[in-house]
Amino acid sequence: MGSSAEQSRVPPGLQLPIPSVTKFKIALCQLSVTADKERNIAHARKAIEEAVEKGAQLVVLPEIWNSPYANDSFPVYAEDIDAGGDASPSTAMLSEVARNLKVTIVGGSIPEQCGDKLYNACCVFGKDGKLLAKHRKVHLFDIDIPGKITFMESKTLTAGENPTVVDTDVGRIGIGICYDIRFQELAMLYAARGAHLICYPGAFNMTTGPLHWKLLQRARAVDNQLYVATCSPARDAGAGYVAWGHSTLVGPFGEVLATTEHDEAIIIGEIDYSLIELRRTNLPLEKQRRGDLYQLVDVQRQNQQIVKLGR
């Protein structure tokens, strides 16, 4: 069975790395978002500062926190993240605050302008203020539930091309944005790459939120035996798109460790990575998989190995 389990991940899964810190506080900043971009940036800065005062070593912001969530707004509020500085005041603030407060930040997401394309992008900053990773939303939110909600991100946004796993001072983190959470393959891939935690900035709505938001978080966590953190904007009943809220931290046994309702809040939760190994010992799923029956193929890693072999 050992070889069969190894064959279930192609290439074979990576060992869980030993993080520099195993127990720490995470903050989920469920922020209100307005049409005033400067206010949104200042408001996010204040929330990060408050979170650090409460002891957080990792701070997570919501999806699209600097702009209204609307196709009409994305091009107007978009920033050139790669250019930085005045071209991207939102990420400039995140970098500055991360450096000044020596905190790791998963910077929610903002609309990104790159050439003639727009992306829904999440930037991760280290304690030194350096950009560690940028995740562009891989699965665009195109849904149509008649009489309830219709939204087509693909009208303005382009899908990202890469999964994102980043090593930080608080462990190895996989990044997904909102609709990405519906695709278990991405979470499985992150687990196979040795992620301790998956962060999903997300803005579920009043139709899918009540049924699916917590369910999906717990499923991603328990299936992969790791931590899952989500961060939503606060609910604004008068907005064109009304967010569900309920930012949450889920542990590797599928247990809800910290959550809130729909109002503005800074949720503080504690992460203890030793529980990952404990739960994987309790339920040794990795050793019980049947590679003779099914496989998860990490296409990107597999292609990288092929290139190396060809040299």
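**Figure 1. The surroundings of A203 in the predicted model.** In this predicted structure, A203 counts as buried because its relative accessibility is 4%, under the 20% limit for that class. The residue is placed in the loop that links β12 to α6 (209–224). Leaving out residues up to four places away in sequence, A203 touches E63, C178, S232, P233, Y241 and A243. T150 is 53 residues from A203 along the chain, and the C-alpha atoms of the two are separated by 14 Å.

**Figure 2. C178, a contact of A203 with a positive phi.** C178 is located in the loop between β11 and α5. The phi angle of C178 is positive, at about 45 degrees, although the residue is not a glycine. With a relative accessible area of 5%, C178 is buried. A203 is in contact with this cysteine.

**Figure 3. The open sheet of six strands, β10 to β15.** The strands follow the order β10-β11-β12-β13-β14-β15, and their pairing is mixed. The edges are formed by β10 (164–168) and β15 (256–259); each has a single partner strand, so one side of each is left without a neighbour in the sheet. On average, neighbouring strands here are turned by 20 degrees against each other, direction ignored. Within the sheet, β11 (residues 171–175) pairs with β12 (residues 197–201) in the parallel sense, over three bridges. I173 has L197 of β12 as its bridge partner. Helix α5 (residues 184–192) lies across β10, β11 and β12, and runs at about 145 degrees to β12.

**Figure 4. Helix α2 (residues 37–53) and its two sides.** The 17 residues of α2 reach 25 Å from the first C-alpha to the last, close to the 24 Å expected at 1.5 Å a residue. The buried residues of the helix are N40, I41, A44, A47, I48 and A51. Viewed down the axis of α2, the buried residues fall within an arc of 125 degrees, so they line one face of the helix. An α-helix has 3.6 residues a turn, so residues three or four places apart point the same way. On the other side of α2, E38, K46 and E53 are exposed. The packing partners of the buried residues are β2 (23–30), β3 (56–60), α4 (89–101), β4 (104–106) and β16 (265–272).

**Figure 5. The start of α2 and the residue G55 that follows the helix.** At the start of α2, a side-chain oxygen of D36 comes to within 3.2 Å of the backbone nitrogen of E38. The side of α2 on which E38 is exposed also carries the exposed residues K46 and E53. After the helix comes G55, with a positive phi near 100 degrees.

**Figure 6. K134 in strand β7 (residues 131–136) and its polar contacts.** K134 counts as partly exposed, at 22% relative accessibility. Two acidic side chains meet that of K134: a polar contact of 2.8 Å joins it to D82, and another of 2.6 Å joins K134 to E112. Apart from neighbours within four places in sequence, the contacts of K134 are I81, D82, E112, A121, C122, C123 and T164. One of these residues, C122, is twelve residues from K134 along the chain, with 5.5 Å between the two C-alpha atoms.

**Figure 7. I64 and S73 in the loop between β3 and α3 (74–77).** I64 has a positive phi near 45 degrees, in a residue other than glycine. At 3% relative accessibility, I64 counts as buried. S73 occupies a place in the loop between β3 and α3. This serine also counts as buried, at 13% relative accessibility. S73 touches S67 and P68 when residues up to four places away in sequence are not counted.

**Figure 8. The cis peptide bond from V10 to P11.** Omega of this bond is near -10 degrees. P11 lies in the loop that connects β1 (9–10) with β2. Strand β2 (23–30) is among the elements against which the buried residues of α2 pack.

Terms used:
Residues are numbered from 1 along each chain as its sequence is written. This is a predicted model: local features need pLDDT of at least 70, side-chain atom pairs count only at pLDDT 80 or more; totals for chains, interfaces and linings use all residues. Side-chain values use heavy atoms; hydrogens and water are left out. Two strands pair if DSSP finds at least two bridges between them. Helices (H or I, at least four residues) and strands (E, at least two) are DSSP runs, numbered from the N terminus. Axes are lines fitted to C-alpha atoms, for helices over the stretch in contact, and angles run from 0 to 180 degrees between N-to-C directions. Contact means heavy atoms within 4.5 Å. The expected span of a helix is 1.5 Å times one less than its number of residues. Buried means under 20% relative accessible area, exposed over 50%, partly exposed in between (1.4 Å probe, protein chains only). The arc is that of the directions from the helix axis to the C-beta atoms. A polar contact is a pair of N or O atoms within 3.5 Å; within protein, one must be able to donate a hydrogen and the other to accept it, and residues adjacent in sequence count only if both atoms are side-chain atoms.
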